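Subject: Structure handover

Hello,

Here is the structure I said I would pass on. My notes on what was found in it follow below.

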Amino acid sequence: MSAPTGLKNPAGSVRGMGAAGLVVEGVVLLLALLPLAKLGHGSNTGAMWACGVLAVVCFGLCGLLNHSWAWIAGLLVQVALLVGGFLHWSLLALGVVFGAAWLYALYVRRAVYANKPD
């Protein structure tokens, strides 16, 4: 077993990190709506809907990270962004960036819960 983290509430810290990542992702997805609308000349409607829906899902998952299924749902958001790359290349780019960040959050979560005292 590794050394303790020194945090008073490690599980809460991990949930806070995950929630912060989801909030940033949601804000970036909302900020992506304007360039998609202005530069797409009406052809990016599907990508705009995907951004809006995924942003709402990100904000919704922020408060649910105390459930283990919410972490899997967060991973599915990243997969949905990668699949959204078929609608517009920028969704693929966001999926790669935020997918890497989410995988790191899952790694940290696993490390913290591995050190959890019984």
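I will start with a single residue. A101 is partly exposed, because its relative accessible area is 45%, and partly exposed covers values between under 20% for buried and over 50% for exposed. A101 sits in helix 5. Its C-alpha atom lies 13 Å from that of V14, although 87 residues separate A101 and V14 along the chain.

Please keep in mind that this is a predicted model, and that the values here are computed from it.

Overall picture

The chain contains five helices and zero strands, so the pattern along the sequence is simply α-α-α-α-α. The C-alpha trace spans about 55 × 20 × 20 Å along its principal axes. The chain has 118 residues, and 33% of them count as buried. Among contacts with a separation of 6 or more, 68% are between residues 24 or more positions apart.

Helix 1 and helix 3

Two packed helices are described by the angle between their axes and the distance between the axes. For helix 1 (residues 10–31) and helix 3 (residues 45–62), the axes come within 8 Å and cross at roughly 160°. Helix 1 is therefore roughly antiparallel to helix 3, since angles over 145 degrees count that way. The crossing of helix 1 past helix 3 is left-handed. On the helix 1 side, the contact is made by A19, L22, V23, E25, G26, V27, L29 and L30. Helix 3 contributes C51, L54, A55, C58, F59, L61 and C62. Sorted by class, this contact has 13 nonpolar residues, one polar and one charged.

One residue of that contact, L54 in helix 3, can be followed further. L54 is buried, because its relative accessible area of 13% is under the 20% cut-off. Leaving aside neighbours within four places in sequence, L54 is in contact with L29, V77, A80 and L81. The C-alpha atoms of L54 and L30 are 9.2 Å apart, with their positions 24 residues apart along the chain.

Helix 1 and helix 2

Helix 1 also packs against helix 2 (residues 33–40), at an angle of about 20° and with the axes 4 Å apart. That angle makes helix 1 roughly parallel to helix 2, as angles under 35 degrees do. The residues that meet are L29, L30 and L31 in helix 1 and L33, L34 and P35 in helix 2. By class, the contact of helix 1 with helix 2 has six nonpolar residues, no polar and no charged.

H88

Where does H88 lie? H88 is in the loop between helix 4 (68–83) and helix 5 (89–114). Is H88 buried or exposed? H88 is buried, because its relative accessible area is 19% and buried means under 20%. The side chain of H88 makes a polar contact of 2.8 Å with the side chain of S90. Not counting residues up to four places away in sequence, H88 touches L36, N44 and A47.

Regards

Key
Residues are numbered from 1 along each chain as its sequence is written. This is a predicted model: local features need pLDDT of at least 70, side-chain atom pairs count only at pLDDT 80 or more; totals for chains, interfaces and linings use all residues. Side-chain values use heavy atoms; hydrogens and water are left out. Axes are lines fitted to C-alpha atoms, for helices over the stretch in contact, and angles run from 0 to 180 degrees between N-to-C directions. Helices (H or I, at least four residues) and strands (E, at least two) are DSSP runs, numbered from the N terminus. Angles under 35 degrees count as roughly parallel, over 145 as roughly antiparallel, 65 to 115 as roughly perpendicular and the rest as oblique. A crossing is left-handed if the near helix is turned anticlockwise from the far one by less than a right angle, and right-handed if clockwise. Contact means heavy atoms within 4.5 Å. Ala, Val, Leu, Ile, Met, Phe, Trp, Tyr, Cys and Pro count as nonpolar, Asp, Glu, Lys and Arg as charged, and the others, Gly among them, as polar. Buried means under 20% relative accessible area, exposed over 50%, partly exposed in between (1.4 Å probe, protein chains only). A polar contact is a pair of N or O atoms within 3.5 Å; within protein, one must be able to donate a hydrogen and the other to accept it, and residues adjacent in sequence count only if both atoms are side-chain atoms.
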